[in-house]
Amino acid sequence: MSTRSPGVLVRDLSGIRAGLALLLARRLTNPRVRRTTTRADRVLYVVLAATILLGLTATIGKNLLGGGYDYRATIAVWFRGVLTFRPDPDLMAGVPPVFQLHAMSAWVLAAIWPFSRLVHVWSAPIAYLWRPYIVYRRRPYALGEPEMSARGRT
């Protein structure tokens, strides 16, 4: 049977749902942000959703409801080999198709990641904490007042 308890699965599903909601909420609700969303961002969201759904399908279908599959003996070893430039394709030969599709979608996600706005997750905004405040002032001429020059009123 499964190596994961139903409680762990519920926790994971809740985390995934909250993460996707946070990722998409601002993009979908703010018109200015929605206008700046590029095609690459939209493709990334589709691939990200596919990767998550395939992973959930593998987890629920094979490990929780099915007889279980020990991916640590095949997929994890194959992945480690890919990362150390010594891949062994024979390790993936007998892997269930849903796990293979999940791995392929993860590679596609990694390939398009740098071309989307999600690339910003790799930068920690530490300097943001100590930067000076930005003061926003309204433009007086926008309200019908005369425009001001650098030295004062003209």
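**Group meeting: cores and threonines in a predicted model**

Let me start with the contacts. Counting contacts in the chain between residues at least 6 apart in sequence, 62% join residues at least 24 apart. Please keep in mind throughout that this is a predicted model.

Now the overall layout. The chain has 6 helices and 2 strands. Starting at the N terminus, the order of elements is α-α-α-α-α-α-β-β. The chain has 154 residues, and 21% of them count as buried. Its accessible surface is about 11,800 Å², with 66% of that belonging to carbon and sulfur atoms.

On to the interior. Which residues make up the largest nonpolar core? There are 8 of them: Ala58, Ile75, Trp78, Met92, Val95, Val98, Phe99 and Ala103. Two helices, α4 (75-83) and α6 (97-112), each supply at least two residues of this core. The most comes from α6, with 3 residues. As background, nonpolar side chains in soluble globular proteins tend to be buried together.

One member of that core, valine 98, is worth a look for its neighbours. Leaving out residues up to four places away in sequence, valine 98 touches Leu54, Thr57, Ala58 and Lys62. Apart from the largest core lies another core, this one of 7 residues, including Leu44, Tyr45, Leu109 and Leu118.

Next, threonine 51. This residue lies in helix α3, which covers residues 39-64. Is threonine 51 buried or exposed? Its relative accessible area is 8%, and the cut-off for buried is under 20%, so threonine 51 is buried. The side chain of threonine 51 reaches the backbone oxygen of valine 47, at 2.8 Å. Beyond four places in sequence, threonine 51 touches His102, Ser105, Ala106 and Leu109. Of those, Leu109 is also among the residues of the 7-residue core I just mentioned.

A second threonine, number 37, sits in the loop between α2 (31-36) and α3. Threonine 37 counts as buried because its relative accessibility is 10%. What does the side chain of threonine 37 make a polar contact with? The partner is the side chain of arginine 27, at 3.1 Å. From C-alpha to C-alpha, threonine 37 and arginine 27 are 7.3 Å apart in space, and they are 10 residues apart in sequence. With residues up to four places away set aside, threonine 37 touches Arg27, Arg42 and Arg117.

Then aspartate 70, which is in the loop between α3 and α4. Aspartate 70 has a relative accessibility of 42%, so it counts as partly exposed. Its side chain makes a polar contact with the side chain of arginine 72, at 3.0 Å. Aspartate 70 and valine 95 are 25 residues apart along the chain, and their C-alpha atoms are separated by 9.6 Å. Valine 95 belongs to the largest nonpolar core.

Last, the surface. Val119, Val121 and Trp122 form a nonpolar patch there, and together they have about 330 Å² of accessible area. Within that patch, valine 121 is placed in the loop between α6 and β1 (148-149).

To recap: the largest nonpolar core has 8 residues, and α6 gives the most to it. Threonine 51 is buried in this model, threonine 37 likewise counts as buried, and aspartate 70 counts as partly exposed. That is the end of my part.

Technical notes
Residues are numbered from 1 along each chain as its sequence is written. This is a predicted model: local features need pLDDT of at least 70, side-chain atom pairs count only at pLDDT 80 or more; totals for chains, interfaces and linings use all residues. Side-chain values use heavy atoms; hydrogens and water are left out. A nonpolar core is a set of buried Ala, Val, Leu, Ile, Met, Phe, Trp, Tyr and Cys residues joined through side-chain atoms within 4.5 Å. Buried means under 20% relative accessible area, exposed over 50%, partly exposed in between (1.4 Å probe, protein chains only). Helices (H or I, at least four residues) and strands (E, at least two) are DSSP runs, numbered from the N terminus. Contact means heavy atoms within 4.5 Å. Accessible areas come from the Shrake-Rupley method with a 1.4 Å probe; for residues, only the protein chains shown count as cover. A polar contact is a pair of N or O atoms within 3.5 Å; within protein, one must be able to donate a hydrogen and the other to accept it, and residues adjacent in sequence count only if both atoms are side-chain atoms. Patches are made of residues with over 30% relative accessible area and no salt bridge: like charges are joined within 9 Å, nonpolar side chains (Val, Leu, Ile, Met, Phe, Trp, Tyr) within 5 Å. A salt bridge is a side-chain nitrogen of Lys or Arg within 4 Å of a carboxyl oxygen of Asp or Glu.
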